[in-house]
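Here are my notes on the aromatic side chains, plus a look at the record's annotation. Have the viewer open while you read.

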Amino acid sequence: MPNSDITGGTLGSGYASPRHAALKGLQHALGVPALVLGASYLGFGSLIHGAGLDVWHGLFSTFTGWALPGQIILVELYSLGASVLIVAAAVAMTNARLLPMTVALMPYLRAPGTPRWRYYLFAHYIAVTGWAAAMRHCPDLPEPQRLPYFAGFAVTLWSMTLVTTAVGFYLADLLPGYITLGLVFLNPIYFMLVFVADARHRARILALAFGAVCGPLLHLVSPDWGLPLTGLLAGSLAFFGDRLWSQRNA
């Protein structure tokens with residue numbers, strides 16, 4: 001029996017066709033990932049309402065910049081009256097993490113005969129949940145099925161978050177503030193659990209461990225720069241620690 005993963009998929013097996021792989025991606029997205037992201041975007045829709053923005057602002061944000069941390073920063077800075085230049089710079093810095101994620105995932109999605117434009121199109125859908133699922137599942141699929149699987153998974157989640165953004169906006173008056181904040185933070189918790197469950201990759205476990213130690217300490221040193229410094233330091237320590245470990249075992 002193949003091993004199950006946290007997204008509801010199976011490892012070590014392919015599907016009947018690329019189309020079937022896309023349908024399986026859709027099916028897997030409608031499990032825990034859809035519940036977590038849907039709840040998070042309910043909170044984001046409520047946040048849009050609280051900032052005095054219209055529902056179409058929230059939908060446009062989700063449609064064009066599908067990355068919740070950057071979207072939250074956009075709304076918060078707008079509420080504070082920040083300039084367009086400051087808002088754009090802050091969102092760009094927040095979403096810069098998507099570049100290494102894209103670089104890491106794209107080699108797994110490439111397949112002979114695939115038009116280049118498809119890679120550019122589906123790169124838009126690389127976000128934390130879809131990226132984590134693809135990194136776990138796609139390497140075990142035949143090459144022609146990897147991009148369809150990711151497309152089915154990620155586009156399903158993206159479409160669902162458009163709906164829940166609107167629902168959260170119109171239900172904002174029914175949601176207490178602490179529930180809204182709690183819903184927004186469900187997604188990073190889920191992302192952490194995905195990596196904890198994937199104990200096959202030593203570097204990821206090391207990165208989580210180093211980050212848990214360095215994060216609180218660096219926040220005390222610099223609340224403004226503690227988070228990016230933690231990512232840089234913990235990621236670097238995990239990378240070099242994993243290489244050293246591998247060299248010693250070899």
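Is Phe 239 buried, partly exposed or exposed? Keep in mind that this is a predicted model.

1. Phe 239 comes out partly exposed, because its relative accessible area is 45%, short of the cut-off of over 50% for exposed. Phe 240 does count as exposed, with a relative accessible area of 53%.

2. On to the pairs: the structure has seven aromatic pairs. One to pull up is Tyr 149 with Phe 153, where the ring centres are 6.3 Å apart and the planes sit at 25 degrees, so this pair is stacked. Planes have to be under 30 degrees apart for that label. Phe 239 and Phe 240 also pair up, but edge-to-face, with 5.1 Å centre to centre and 80 degrees between the planes.

3. Back to the stacked pair. Tyr 149 and Phe 153 both belong to helix 9 (residues 143-170), and they are about one helical turn apart because four residues separate them. Both Tyr 149 and Phe 153 are buried.

4. Two other ring contacts deserve a click. Phe 63, Phe 122, Tyr 125 and Trp 158 make up one aromatic cluster. Arg 110 has its charged end over the ring of Tyr 119, 5.3 Å from the ring centre.

5. Now the annotation. The unreviewed UniProt entry marks several spans as "transmembrane region", including residues 117-135 and 147-172. In the model, residues 117-135 are 79% helix and 0% strand, with 21 Å between the end C-alpha atoms. Residues 147-172 are 92% helix and 0% strand, and their end C-alpha atoms are 36 Å apart.

Conventions:
Residues numbered from 1 in each chain as written. Predicted model: local features only at pLDDT ≥ 70, side-chain atom pairs only at ≥ 80, totals over all residues. Heavy atoms only, no water. Phe/Tyr/Trp six-rings, centres within 6.5 Å; stacked < 30°, edge-to-face > 60°. Helix = DSSP H or I, 4+ residues; strand = E, 2+ residues; numbered from the N terminus. Buried < 20%, exposed > 50% of the residue type's maximum accessible area, 1.4 Å probe, protein only. Lys NZ or Arg CZ within 6 Å of the ring centre and 35° of its normal. UniProt positions renumbered as here; feature names shortened; annotations may be inferred.
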